[in-house]
Amino acid sequence: MEFFENYSLKSSNSFGFEVSAEFCCSVTSLNELREALAFAESQNLDVLVLGGGSNLILVGDIAGLVILNRLSGIEVEADLSDAGKVRVTGAAGENWHEFVRHTIQYGAYGLENLSLIPGTVGAAPMQNIGAYGVEIKDRMVSLKALDRVTGKVCEFSTEACEFGYRDSVFKQRDAGRYIITEVCFLLSREINPVLDYAGLRDRFKAQGIAEPTALQISDLICEIRQSKLPDPLEIGNAGSFFKNPVVSIAKRQSILDSNPGLVSFPEGEGYKLAAGWLIDQLGWKGRRQGDAAVYDKQALVLVNHGAATGEDILRLARAIQDDVLNHFNVALEIEPRTFPE
Ligand code: EPU
């Protein structure tokens, strides 16, 4: 296995920031992963593991060893307790969207609404990826991860992952401790479409499709995403840059009183507000500070038009946060993780 020095991470982070790693290697097996960790230990290097690099803000060069997780393989097994179910396990380095399309080809349904989300299978549980009414916590049964403290591979049930909205134990208490190696999903042989979000059902009806197939759902989701989210290969970005904030019933009402168009959804004891709507209302869509900009078709997405740095993006983000706080009294939380911290 090769360890590269001063390795450019430009093509390993979806914002396309021009930063480098002191050392970098890519691992394709558990043995290589162990070898990489042993190298880091012998040289006293910090370790950062990257999947697709699609939920990251790299604000500077990374000291230590960056490990590109390229573990590959997909396994399909019948579920012994339920003939209508199938277990599909993806290695952490598999591309998420290709994995979803594979499950559909195998006739294993349930992940179709999560089509075209950038990143890898192993990164998906970190922030409990979700879209169009489905989160991976709804479909996952377990995952395996290498514990850097004990050196052993351990298994996590869905419950043990402590999933929340764009959140998990791997982002919180155990950040940096575990390296996810594979994720297992319990999928259905029969499709149970989730079409309540964003007018999916009406769009199918308009096309004369009463019972869409999983492939048709996946294709429609791809079309919707492509129409409002930038392709990171063309314009650097990390998907939604802010979480949709959850506020109390009273606070949502006070905003609604002066903003009747406010988009919000019930969430737990309160309401989740559409951060994109709040930002859009304040006129940020399409605004640019140098090469850092708010995407012109979706105000929740910040983009790098070429030479922006992580700091440029964070400066723009802070201006948006201040404006939203001053105007709506709502604090926006940044979704991707920042390195070095
Ligand atoms: N809106 C605006 N202006 C905008 C953007 C949105 O008015 O510039 C309004 C829309 O009209 C809509 C509402 O805000 O009524 C919600 O917008 P949308 O359906 O596009 O979803 P979102 O809340 O902006 C969330 C996820 C996305 C996910 C979509 C679809 C978060 C932070 N983002 O976005 O996830 O794809 O729902 O389920 O929860 C990601 O995490 O990277 C991501 C793209």
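Where is the place of N13? N13 sits in the loop between β1 (4-8) and β2. Before going on, keep in mind that this is a predicted model.

## Three residues in loops

Is N13 buried or exposed? The relative accessibility of N13 is 3%, and buried means under 20%, so N13 counts as buried. Its side chain has a polar atom 3.0 Å from the backbone nitrogen of F17. If you skip residues up to four places away in sequence, N13 touches G53 and L58.

Now hop along to R70, which is found in the loop between β5 and β6. R70 has a relative accessible area of 32%; that falls between the 20% limit for buried and the 50% limit for exposed, so R70 is partly exposed. What does R70 contact, once neighbours within four places in sequence are set aside? The partners are S26, V27, T28, L50, G51 and G93. Take T28: R70 and T28 are 42 residues apart along the chain, yet their C-alpha atoms are separated by 4.8 Å. As for G51, its backbone oxygen lies 3.3 Å from a polar atom of the R70 side chain.

R148 is another arginine in a loop, this one between β10 (140-147) and β11 (153-157). With 36% relative accessibility, R148 counts as partly exposed. Leaving out residues up to four places away in sequence, R148 touches L37, V47, G176, R177 and I179. A polar atom of the R148 side chain is 3.3 Å from the backbone oxygen of G176. R148 and R166 are 18 residues apart in sequence, and 24 Å apart in space, C-alpha to C-alpha.

Here are the side-chain polar pairs of these three residues together:

| Side chain | Backbone partner | Distance |
|---|---|---|
| N13 | nitrogen of F17 | 3.0 Å |
| R70 | oxygen of G51 | 3.3 Å |
| R148 | oxygen of G176 | 3.3 Å |

## A sheet with helices packed on it

In which order do the five strands of the open sheet come? Follow them as β6-β7-β12-β10-β11, with antiparallel pairing. β6 (74-78) and β11 are the edge strands, since each pairs on one side only. From one strand to the next, the twist averages 20°. Strands of a sheet pair through backbone hydrogen bonds, either parallel or antiparallel.

Start at the β6 edge. Five bridges join β6 to β7 (residues 85-91), and the two run antiparallel. Within this pair, E77 has R87 in β7 as its bridge partner.

Two helices pack on this sheet. Helix α1 (residues 30-42) touches β10, β11 and β12 (178-188), and its direction makes about 155° with that of β12. Helix α2 (residues 96-105) touches β6, β7 and β12, and its direction makes about 155° with that of β7.

At the other edge, β10 and β11 run antiparallel and are joined by five bridges. K144 has E155 in β11 as its bridge partner. The hairpin of β10 and β11 has five residues between the strands, and there G151 takes a positive phi near 80°.

## Domains and cores

How is the protein chain divided? There's domain 1 (4-69), domain 2 (74-188) and domain 3 (236-339). The C-alpha centres of domain 1 and domain 2 lie 22 Å apart. Where these two meet, eleven residues of domain 1 are in contact with 13 residues of domain 2.

In soluble globular proteins, nonpolar side chains tend to be buried together. The largest nonpolar core here has 45 residues, and V66, F241, I279, I320 and V324 touch the most other members. Several elements each supply at least two residues of this core, including β2 (20-27), β5 (62-69), α5 (249-258) and α7 (310-328). Which element gives the largest share of this core? That's α7, with seven residues. The core also draws at least three residues from each of domain 1 and domain 3.

Zoom in on V324: not counting residues up to four places away in sequence, V324 touches L278, I279, L282, N329, V330 and L332. Apart from this core lies another, of 40 residues, among them V86, V134, L200 and I209.

Methods. Residues are numbered from 1 along each chain as its sequence is written. This is a predicted model: local features need pLDDT of at least 70, side-chain atom pairs count only at pLDDT 80 or more; totals for chains, interfaces and linings use all residues. Side-chain values use heavy atoms; hydrogens and water are left out. Helices (H or I, at least four residues) and strands (E, at least two) are DSSP runs, numbered from the N terminus. Buried means under 20% relative accessible area, exposed over 50%, partly exposed in between (1.4 Å probe, protein chains only). Contact means heavy atoms within 4.5 Å. A polar contact is a pair of N or O atoms within 3.5 Å; within protein, one must be able to donate a hydrogen and the other to accept it, and residues adjacent in sequence count only if both atoms are side-chain atoms. Two strands pair if DSSP finds at least two bridges between them. Axes are lines fitted to C-alpha atoms, for helices over the stretch in contact, and angles run from 0 to 180 degrees between N-to-C directions. A nonpolar core is a set of buried Ala, Val, Leu, Ile, Met, Phe, Trp, Tyr and Cys residues joined through side-chain atoms within 4.5 Å. Domain bounds come from an automatic or database domain assignment.
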